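I opened the notebook to record what I looked up in this structure, entry by entry. I begin with a single side chain and work outwards from there.

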Amino acid sequence: ILGDRLKPIRSTAALIATKIAAIEIPSRKWPKAVEQLCSLTNGNNPFLAQAAFEAIRMVCEECGDHMDGKQNMILTVVKNGISQNGNEDIKLAAAQALGAALSLAK
C-alpha cells in the first residue's frame, strides 16, 4: 500500500506505519522498523520511496527519543534522497524528512 499510485493512499499507509512504529519501537518489538523504511527509499518504485520518506519523517517526529544509533543511517538516506533523485516529489519528501531527522542529531 505504501507504493500505491494515489498519494492519499500512500500518505495514509505511511501514517499507519508510523502509528504502529510509535507503539512498537519504544517497546523494542519492531527493532528493524527504521532500517526497513530506509531500505524502501532506494528501489525502483518512486511512489514507495516518497511514502517511505514521509513515514521516516513521522517516525523521527514521534519516536525521536528511541532512535539512538539510527541518526547517521537516517541522515545518509535522506541526503541521498535529496541529492540523487530526479523525482521532485521524492526530493520534497526527503527534504521534509531531513527537518525531522536533524532534530535527532544532538
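**Entry on Thr-18.** I looked up how well this residue is covered, and found that Thr-18 has a relative accessible area of 0% and is therefore buried. I note here that the model I am reading is a predicted one. Thr-18 lies in helix H1, and when I set aside residues up to four places away in sequence, I find that Thr-18 touches Ala-55, Met-58, Val-59 and Glu-62.

**Entry on the fold.** Which elements make up the chain, in order from the N terminus? I read them as α-α-α-α-α, and the count I took down for the chain is 5 helices and 0 strands. The radius of gyration is 12 Å, close to the 13 Å that the globule rule gives for 106 residues, so I write the chain down as being as compact as a globular protein of that length. Taken along the principal axes, the box filled by the C-alpha atoms is roughly 35 × 25 × 20 Å.

**Entry on contacts and cover.** I looked at the contacts in the chain with a separation of 6 or more, and 63% of them are accounted for by residues 24 or more positions apart. Of the 106 residues in the chain, 39% are buried. For the accessible surface of the chain I noted about 6000 Å², with 56% of it belonging to carbon and sulfur atoms.

**Entry on the cysteines.** How many disulfides does a search of the whole structure find? I recorded 0 disulfides, and then went to the sulfur distances to see the reason. A disulfide is a covalent bond between the sulfur atoms of two cysteines. For Cys-60, the closest cysteine sulfur is in Cys-38, and because the distance is 8.0 Å, the two are too far apart for a bond. For Cys-63, the closest cysteine sulfur is in Cys-60, and at 8.7 Å that sulfur is also too far for a bond, the cut-off being 2.5 Å. I also looked up their cover: Cys-60 counts as buried because its relative accessibility is 2%, and Cys-63 is buried with a relative accessible area of 1%.

**Entry on the nonpolar patch.** Finally I turned to the surface, where Ile-1, Leu-6 and Ile-9 make a nonpolar patch of about 320 Å². Is Leu-6 of this patch buried or exposed? I found a relative accessibility of 52%, so Leu-6 counts as exposed, the threshold for that word being over 50%. I placed Leu-6 in the segment before helix H1, which spans 7–24.

How values were computed
Residues numbered from 1 in each chain as written. Predicted model: local features only at pLDDT ≥ 70, side-chain atom pairs only at ≥ 80, totals over all residues. Heavy atoms only, no water. Patch = residues over 30% accessible without salt bridge, like charges linked within 9 Å, V, L, I, M, F, W, Y side chains within 5 Å. Areas by Shrake-Rupley, 256 points an atom, 1.4 Å probe, with all protein chains shown as cover. Salt bridge = Lys/Arg side-chain N within 4 Å of Asp/Glu carboxyl O. Helix = DSSP H or I, 4+ residues; strand = E, 2+ residues; numbered from the N terminus. Buried < 20%, exposed > 50% of the residue type's maximum accessible area, 1.4 Å probe, protein only. Rg over C-alpha atoms; globule rule 2.2 N^0.38 Å. Contact = heavy atoms within 4.5 Å.
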